[in-house]
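Colleague: I'd like to learn how to read a model like this one, feature by feature. Could you take me through it?

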Amino acid sequence: MKRATEQQGEIGQLTTLLEISKALSSTPDLKQALLRVLEKLEAHHQVLRSAVTLLNPDSREIYVEAALGITTEGQRARYRIGEGITGRVVQSGRPIVVPMVSREPLFLNRQRRQPGPELSFICVPIVLGKKPAGALAVDLAFEEKRDFERDTNFLGVVASMIAQGLRVNRMVEEERRRLFDENTQLKSKLKQRYDFSNIIGTSRPMEQAYQQIEQVARTTTTVLIRGESGTGKELIAHAVHYNSARAQKPFVKVSCAALPDTLIESELFGYEPGAFTGASGRKKGRFELAEGGT
């Protein structure tokens, strides 16, 4: 009978781990993913309250990233490394089990647990790159015959899965920041490249052209640039774009010579249903697809 109960418990844990794996991969939002993990623990393992705390690498403070059953005030709790049970778990990288919370002097209760039935507390580290990056903590109803070793091992596996989700999240955030910085640098270089000072020419007609560029760049009007081949029409167009309010949007170049005369208008600006014979639906032009680019 005992063996059958143990097997059922193991099957239940494996089922929960599968659901946790799905929860961690279901959304790129780390907080939402962690909340779903805590919901699985609450639903299948009689967890009364739970929290995932993470270590801020800059301030070295431990903060609550996601929690269930904890007050808003409690979720704003902060810990120093080595402070209280959570701080000690993050400092040592080892789990701590408190069979009876009411008898533990190290229990700081910054998450504002209300007086009530006796609780047991288990806190396991979240280890990333062989260094503790946070902790997973749960409150359980006190049971004299509870197998704390089994529960701690199970929560350790859950913490390992959270660590992998955290690692992926940080990699994505790092790549996003890198791409953002790279994009900002490229835009800055383009703006510098097409600054007025980089256009050669000091004659009176060129000074007039500079004044016109500066004037039209502040507006949303259509600009027609004419000139012989090689006179710098594209350079002027770039200068207008990168000095306008649309400088952060795409600059779209289209070779009209490659488009038949009868298709230029519809290709560039699109058309509405019924605009001409055979126009049965709406077609977006290339400028519309550029989302407001010049």
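**Reading the sheet**

Modeller: Let's start with one pair of residues: I126 stands opposite G134 in strand 6. Keep in mind that this is a predicted model.

Colleague: How many bridges does the pairing of strand 5 and strand 6 run over, and in which sense, parallel or antiparallel?

Modeller: The trick is to go from one pair to the whole ladder. Here strand 5 and strand 6 make 10 bridges, in the antiparallel sense. Their hairpin leaves two residues between the strands, and G129 there has a positive phi near 60 degrees.

Colleague: And what joins strand 6 to strand 1?

Modeller: Seven bridges, again with the strands antiparallel. V52 is a good place to look, since its bridge partner in strand 6 is L136. With both ladders in view, turn to burial: eight of the 11 residues of strand 6 (residues 131-141) are buried, so the strand is largely enclosed by the rest of the structure.

Colleague: Which strand comes next if I carry on from strand 1 (residues 47-55)?

Modeller: Strand 2, joined to strand 1 by six bridges and running antiparallel to it. To find the register, use L54, whose bridge partner in strand 2 is Y63. The hairpin here has five residues between the strands, and R60 is the one with a positive phi near 65 degrees.

Colleague: Is strand 2 mostly covered or mostly open?

Modeller: Mostly covered, with six of its eight residues buried. Strand 2 also pairs with strand 3 (residues 78-80), antiparallel, through three bridges. One of the pairs to check is E61 with R80 in strand 3.

Colleague: Now the core. Which residues of the largest nonpolar core touch the most other members?

Modeller: The general idea is that in soluble globular proteins, nonpolar side chains tend to be buried together. In this model the largest nonpolar core has 32 residues, and L41, V52, L136, L155, V158 and I162 touch the most other members. At least two residues of this core come from each of helix 1 (2-25), helix 2 (30-44), strand 1, strand 2 (61-68), strand 5, strand 6 and helix 5. Helix 5 gives the largest share, eight residues.

Colleague: What is L155 in contact with, leaving aside its neighbours within four places in sequence?

Modeller: L155 is in contact with L41, I122, V124, L136 and V138. Apart from this core lies another one, of 14 residues, including V89, V98, F121 and A137.

Colleague: Let me try a single residue. Is A163 buried or exposed?

Modeller: Start with the accessible area, then ask what is around the residue. A163 lies in helix 5 (residues 148-193) and has a relative accessible area of 1%, so it is buried. Not counting residues up to four places away in sequence, A163 touches I126, V127 and L128. You can also compare chain distance with spatial distance: A163 and A135 are 28 residues apart along the chain, with 9.6 Å between their C-alpha atoms.

Colleague: What about S120 in strand 5 (residues 119-128): buried or exposed?

Modeller: Buried, because its relative accessibility is 0%. Being polar, its side chain is worth following: it reaches the backbone oxygen of P99 at 2.6 Å. Leaving aside neighbours within four places in sequence, the contacts of S120 include V98, V101, L140 and F148.

Colleague: Where is E118 found, and which side chain does its own side chain contact?

Modeller: E118 is in the loop between strand 4 (96-98) and strand 5. Its relative accessible area is 24%, so E118 counts as partly exposed. The side chain of E118 makes a polar contact with that of S102 at 2.5 Å. A polar atom of the E118 side chain also lies 3.2 Å from the backbone nitrogen of V101.

Colleague: Last one: which residues of helix 6 are buried?

Modeller: For a helix, list the buried positions and then look down the axis. In helix 6 (residues 204-217) the buried residues are A209, Y210, I213 and A217. They fall within an arc of 100 degrees seen down the axis of helix 6, so they line one face of the helix. On the other side, R204, P205, Q211, Q212 and Q215 are exposed. Helix 7 (233-242) is part of what covers the buried residues of helix 6.

Methods. Residues are numbered from 1 along each chain as its sequence is written. This is a predicted model: local features need pLDDT of at least 70, side-chain atom pairs count only at pLDDT 80 or more; totals for chains, interfaces and linings use all residues. Side-chain values use heavy atoms; hydrogens and water are left out. Buried means under 20% relative accessible area, exposed over 50%, partly exposed in between (1.4 Å probe, protein chains only). A polar contact is a pair of N or O atoms within 3.5 Å; within protein, one must be able to donate a hydrogen and the other to accept it, and residues adjacent in sequence count only if both atoms are side-chain atoms. Contact means heavy atoms within 4.5 Å. Helices (H or I, at least four residues) and strands (E, at least two) are DSSP runs, numbered from the N terminus. Two strands pair if DSSP finds at least two bridges between them. The arc is that of the directions from the helix axis to the C-beta atoms. A nonpolar core is a set of buried Ala, Val, Leu, Ile, Met, Phe, Trp, Tyr and Cys residues joined through side-chain atoms within 4.5 Å.
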